[in-house]
Structures are given as C-alpha cells and as structure tokens.
Amino acid sequence: MGDKLRFGLVGCGDFGSHIAGVFCGVSDVVAVCDVNEAGAATAANELPGTQTTYTDYRRMIETETLDGVIVAAANFVHAEITIAAAEAGLHVFCEKAMARRVPECWDMVRACEQNHVKLMIGHKRRLRPPWARMIELTDESLLGRALSISVTQYADMRPYDYPGTWWADGNLSGGAFAMLGVHVIDWFRAMCGDVKRVWGMHGPRQEMYWSFPEIINATYEFESGALAAIHSSTAYPVHRFREAQGPMGQCAYGGFKLRPHMDHIDLYWQHLDDEKVRHERFDDLGFDHAYRLEVGDFIGWITEDRQPCLTWVEGLRCVEMMEAAYKSAVQGGAPIDLPLYPELE
Ligand SMILES: NC(=O)c1ccc[n+]([C@@H]2O[C@H](COP(=O)([O-])OP(=O)(O)OC[C@H]3O[C@@H](n4cnc5c(N)ncnc54)[C@H](O)[C@@H]3O)[C@@H](O)[C@H]2O)c1
C-alpha cells in the first residue's frame with residue numbers, strides 16, 4: 001500500500017470517478033475535489049479507500065501529500081489545474097480535450113517541463129482494440145499506409161443533457177469538435193501522422209442552444225499526402241453517439257470500414273488480392289482495457305521512466321487540429337497551415 005503512488009482527483013462529474021476508479025487499481029486516490037461539494041462526496045463514496053474531499057483544488061494540492069493529480073474537470077479549467085499541479089511538483093494525467101486552444105496547451109507543457117513532471121492526455125480511443133486494430137492494418141504487411149479516411153459523425157446528442165452546461169458554450173468546452181470529434185481527430189493522427197493543412201466549413205444552424213455551429217466538416221491533409229475528413233452533426237436521430245463514429249478508409253493495398261453498434265463493433269477489411277472481405281467482431285464496450293493501458297503506462301512512466309503509449313503531444317496536436325478547422329470555417333473554408341502557432345513551437 002505504502003509503495004503506491006498517491007493521486008488527487010479534480011473533477012467529480014460524469015467521468016471523474018470512472019477514470020479515478022482505474023487509477024485505484026494500480027495506485028491510491030487519496031483525495032477528491034469538485035467545486036460541486038455533492039459531486040465530490042459522491043465520488044469519495046464510489047472510490048475504494050479513504051478520500052478527503054475538497055471544493056478548491058489549490059487547497060487539495062497544498063494540504064495533501066500527493067505524487068500526481070488526475071484532471072477530469074470541465075475543459076475550461078484543465079490548463080489552470082495542470083499548471084498549479086505542475087508548479088507544486090505533481091505529475092498530471094489530464095483528460096482530453098487537453099484544453100480549449102493551443103496556447104493554453106503550450107502553457108501546460110511549459111509548466112510541466114519546467115517542473116520536471118510528466119503530463120499525459122487521456123486519448124484512449126486509439127488504444128481501444130477495434131481502433132488500435134485499424135492502426136495495425138496500416139502496416140506494410142497488411143493494408144499498407146492510409147491514403148484517405150472518411151468519418152460521418154452524425155449523432156443524436158439530445159439524450160446527453162449537454163444543452164445548458166459548459167459543453168454547450170464553446171468558450172468553455174472548446175467548441176463542437178471538443179464534444180463530438182476529439183476522439184476521431186486524434187485517431188486520424190495515429191493513422192496518418194502529422195497534419196500539414198486543414199480546411200473547415202460550418203453548416204446551417206439548427207439547434208440554437210449550442211453557442212457554436214453544430215454542423216462542422218473538416219478535411220485534413222497530412223505530411224504523408226493522406227487525406228482524412230470528418231463530418232460532424234449533433235441532431236441526427238438515427239444514430240446514438242456510440243453508433244456514430246464508423247470510419248471507412250482506403251489504404252495502399254486495400255480498404256476497411258468500421259461499423260459500431262450499441263453492443264458490438266464490426267470491422268471489415270480486404271486486401272486488393274483477397275477474394276473476400278474479412279470480418280472481425282469486437283465486444284469491448286466497457287473501454288476499460290484502454291483506460292487500464294493508459295493509466296498503467298502513466299504510472300510506469302513516472303516510476304520507471306518507461307516510454308508511455310501517450311504523452312501531451314497527442315493532446316496538443318489534437319487541439320491544434322480542432323482549432324485550425326474552426327479558424328478555417330470562420331474564413332469560409334480557407335486553407336490553414338500547421339503548426340498553427342509556430343512562434344510557440
Ligand atoms: N476519455 C474519455 O473517454 C472521456 C469520457 C468522458 C469525459 N471525458 C473528459 O472528462 C472531462 C469531464 O467530463 P464529464 O463528462 O465528467 O463532465 P461533467 O460536466 O460531468 O464534470 C465536470 C466536473 O468538473 C467540475 N469542475 C468545474 N470547474 C472545476 C474546478 N475549478 N475545480 C474542480 N472541479 C471543477 C464540475 O463541477 C463538474 O462536476 C472532460 O474533459 C471530458 O472531455 C473523457
């Protein structure tokens with residue numbers, strides 16, 4: 001018990017105790033914090049072990065003896081919490097989206113680098129077996145490098161009660177892609193590498209309770225020459241969120257498509273030389289495999305300096321891809337070259 005790392009959780013909403021529960025498997029979560037006192041109390045009850053509750057993360061950081069902080073609070077406070085933790089010498093596991101805009105991300109990175117602490121952003125999607133399998137398919141021995149990917153991410157977000165919360169305010173959440181797109185956009189980078197240029201377009205407004213246009217399309221051109229497009233909309237009654245994110249892609253020697261359903265995920269792929277399409281079925285709906293992988297790697301990175309599956313790079317580049325699409329969209333689809341803030345590199 002005494003050898004385990006000690007963490008404090010900041011943000012005890014829908015997701016906080018879930019990710020902190022994964023930390024409890026390999027470390028101790030000794031304190032929880034949320035500005036909503038009842039939320040903190042609920043998380044403390046749900047998590048094993050004794051947790052002191054706080055409503056002020058600065059007080060938690062000052063008072064507790066911690067090795068690190070888990071940031072699962074709303075997106076608009078990711079940067080300030082990460083910087084405060086880093087300045088106190090604490091490692092940070094921060095949920096995606098890393099922050100709302102790229103300069104905030106660089107502030108987080110600089111604070112962690114200056115204080116010699118680790119910073120991981122929880123982009124677990126690329127680690128989930130069907131999504132990891134598509135990355136694996138880009139190996140030369142299988143389908144080869146990705147050439148073109150398309151994702152139509154139309155979902156019905158009404159059951160999720162986002163209207164009226166910080167999610168619906170682009171200044172607090174980071175905008176449409178922070179809610180619906182962040183996972184797929186990071187996975188694009190895992191498939192195709194770094195981005196060279198971005199085009200974005202907004203569609204007509206329909207649901208005025210979002211502060212941002214809820215229909216947004218973006219096309220990414222990668223340094224490899226590959227293209228990836230995402231079409232996102234929040235008012236499509238035919239698909240629940242979980243069913244909405246099935247990419248199809250063309251690779252050098254064949255193609256694939258993913259079909260997510262509520263209780264399983266089907267992956268189809270075919271090499272140009274194959275006679276028939278191959279089918280693989282995945283049932284991992286708990287996502288816990290991916291959470292255990294990222295959290296286990298975060299602990300190994302801190303304790304043994306092992307190279308982790310994720311760092312802050314995925315988080316920062318994903319925010320950059322989202323921000324560049326918004327920037328292009330407000331300019332009517334003008335091409336935007338990356339890096340978006342060369343002066344900060
Ligand atoms: N990796 C994943 O699969 C995954 C899944 C869900 C959510 N998330 C991420 O987790 C984060 C939280 O999402 P959620 O769905 O739990 O949102 P939520 O709105 O349910 O919870 C956010 C919590 O942050 C708290 N908060 C706000 N400001 C705070 C502050 N200054 N100090 C302490 N607490 C503060 C709020 O009171 C709220 O309880 C988001 O960044 C989201 O993108 C990741």
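Biologist: Let's fix one term: a residue is buried if 20 or more other C-beta atoms, placed from the backbone, lie within 10 Å of its own, exposed if 12 or fewer, and partly exposed in between. What share of the protein's 345 residues is buried?

Modeller: Buried residues are 47% of them. This is a predicted model, where local features need pLDDT of at least 70 and side-chain atom pairs count only at pLDDT 80 or more, while totals for chains, interfaces and linings use all residues. Residues are numbered from 1 along each chain as its sequence is written.

Biologist: How many helices and strands does the protein have?

Modeller: Eleven helices and 15 strands, taken as DSSP runs numbered from the N terminus (helices are H or I, at least four residues; strands are E, at least two). Along the principal axes, the C-alpha atoms fill a box of roughly 60 × 40 × 40 Å.

Biologist: How is the protein divided into domains?

Modeller: Domain 1 is 6-124 + 289-311 and domain 2 is 126-285 + 319-344, with bounds from an automatic or database domain assignment. Their C-alpha centres are 26 Å apart.

Biologist: And how many residues does each domain put into the contact?

Modeller: Domain 1 gives 20 residues and domain 2 gives 18, where contact means C-beta atoms, placed from the backbone, within 7 Å. On the domain 1 side, the elements giving two or more residues are helix 5 (102-114) and helix 10 (288-304).

Biologist: What is that side of domain 1 made of, by class?

Modeller: Twelve nonpolar, three polar and five charged residues. Ala, Val, Leu, Ile, Met, Phe, Trp, Tyr, Cys and Pro count as nonpolar, Asp, Glu, Lys and Arg as charged, and the others, Gly among them, as polar.

Biologist: Now the ligand. Which residues are closest?

Modeller: Gly13, Asp14, Phe15, Ala73 and Glu95, out of 24 that surround the ligand, each with its C-beta atom, placed from the backbone, within 6 Å of it. The shell splits into eleven nonpolar, eight polar and five charged residues.

Biologist: Which residues touch the most other members of the largest nonpolar core?

Modeller: Leu9, Ile70 and Val92, in a core of 109 residues. Such a core is a set of buried Ala, Val, Leu, Ile, Met, Phe, Trp, Tyr and Cys residues joined through C-beta atoms within 7 Å. Helix 11 (residues 313-330) supplies the largest share, nine residues, and the core draws at least three residues from each of domain 1 and domain 2.

Biologist: What does isoleucine 70 touch?

Modeller: Leaving out residues up to four places away in sequence, isoleucine 70 touches Phe7, Leu9, Val10, Ile19, Ala20, Phe23 and Phe93.

Biologist: Back to helix 11. Is valine 330 buried or exposed?

Modeller: Valine 330, which sits in helix 11, is exposed because it has 11 other C-beta atoms within 10 Å.

Biologist: Backbone oddities next. Where does the cis bond of lysine 96 lead?

Modeller: To alanine 97, with omega about -15°. Alanine 97 is in the loop between strand 5 (91-95) and helix 5. Leucine 338 to proline 339 is also a cis peptide bond, with omega near 0°, and proline 339 is in the segment after strand 15 (336-337).

Biologist: What about phi of histidine 116?

Modeller: Positive, near 55°, in a residue other than glycine. Most residues other than glycine have a negative phi, and most peptide bonds are trans. Histidine 116 lies in the loop between helix 5 and strand 6 (119-122) and counts as exposed, with 9 C-beta neighbours inside 10 Å. Aspartate 305 has a positive phi of about 55°, in the loop between helix 10 and helix 11.

How values were computed: Two residues are in contact if their C-beta atoms, placed from the backbone, lie within 7 Å.
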